[in-house]
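Let's take a guided walk through this protein, moving from the whole chain to a few of its residues. Have the viewer ready.

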Amino acid sequence: MRFASALLVCSLFALPAAAAPMDCSKGPIWNGPAQGFLNGAPFKVEAVLRDMTRKRQEARTTFNDYHVYLTSKAGQSFDFIAITPDGIQPDGRTFTIGLHGAGSEAGPGERSLQAWTLADKPKNFKLLYFSASDATMQVVFGKRHGGIVPTQIHFCVPSRRTEIAGNFDLNLN
């Protein structure tokens, strides 16, 4: 019995360390045009669109929704929703979704990044935020020039071979 226990302890120390989960909500963001891979296929942001800013009430706080779409010419898209309390712009702020539900808050009980969706129409692929437990994201809104806010993103879902990183300009007019 002692031999088996000693063998088990020795084998545990001989095993390679488990790789830390990838967390795109932390660290520097690649400083180039937003691109990467979506479900293993190359993805390059060709257009940035957004819905009109909408207001919504949660408990006693009113929030502004910023629904942003990053699309490619190949029919792929990634969209996300960021929120701020009414009267507060996203400019100069960092929004995150980390591992295990951690992330930045827009207000009491409300995450600053609400939802995201991945789609690749030609390959009939769609993934919603509640379908992946390993998705992490960091969105950094820069200083506004006119109505344009330079924005950086780092988003990844390792289990779905997806990572998007880089810069894009967001028109908030």
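What follows begins with the overall make-up, goes on to a sheet, and ends with two aspartates.

Please keep in mind from the start that this is a predicted model. The protein has one helix and 14 strands. Of its 173 residues, 42% are buried. The surface it exposes comes to about 10,100 Å², and carbon and sulfur atoms supply 58% of that area. If you like to think in terms of contact maps, take the contacts with a separation of 6 or more: residues 24 or more positions apart account for 55% of them.

Now to the sheet. Six strands make up an open sheet, and reading across it you meet them in the order S2-S1-S14-S13-S12-S7, with antiparallel pairing. Its edge strands are S2 (41-44) and S7 (94-97), each of which pairs on one side only. Ignoring direction, neighbouring strands of this sheet are turned by 25° against each other on average.

Let's stay at the S7 edge for a moment. Strand S7 runs antiparallel to strand S12 (residues 136-141), and four bridges join the two. To find your place along this pair, look for Ile97, which stands opposite Met137 in S12.

From S12, step into the loop that lies between strand S11 (125-128) and S12; here you will find Asp134. Is Asp134 buried or exposed? Its relative accessible area is 17%, and because the cut-off for buried is under 20%, Asp134 counts as buried. Leaving aside residues up to four places away in sequence, Asp134 touches Cys156, Val157, Pro158 and Ser159. Pro21 is another residue to pick out here: Asp134 and Pro21 are 113 residues apart in sequence, yet their C-alpha atoms are 8.0 Å apart in space.

The second aspartate is Asp120, which you can locate in strand S10 (residues 113-120). Which side chain of opposite charge is nearest to Asp120, and how far away is it? That side chain belongs to Lys123, at 4.5 Å. Because a salt bridge requires a side-chain nitrogen of Lys or Arg within 4 Å of a carboxyl oxygen, Asp120 has no salt bridge, although Asp120 is buried. As for its contacts, and again not counting residues up to four places away in sequence, Asp120 touches Leu38, Ala41, Gly75, Gln76 and Phe125.

Terms used: Residues are numbered from 1 along each chain as its sequence is written. This is a predicted model: local features need pLDDT of at least 70, side-chain atom pairs count only at pLDDT 80 or more; totals for chains, interfaces and linings use all residues. Side-chain values use heavy atoms; hydrogens and water are left out. Buried means under 20% relative accessible area, exposed over 50%, partly exposed in between (1.4 Å probe, protein chains only). Lys and Arg count as positive and Asp and Glu as negative; His and the chain ends are not counted. Contact means heavy atoms within 4.5 Å. Accessible areas come from the Shrake-Rupley method with a 1.4 Å probe; for residues, only the protein chains shown count as cover. Two strands pair if DSSP finds at least two bridges between them. Axes are lines fitted to C-alpha atoms, for helices over the stretch in contact, and angles run from 0 to 180 degrees between N-to-C directions.
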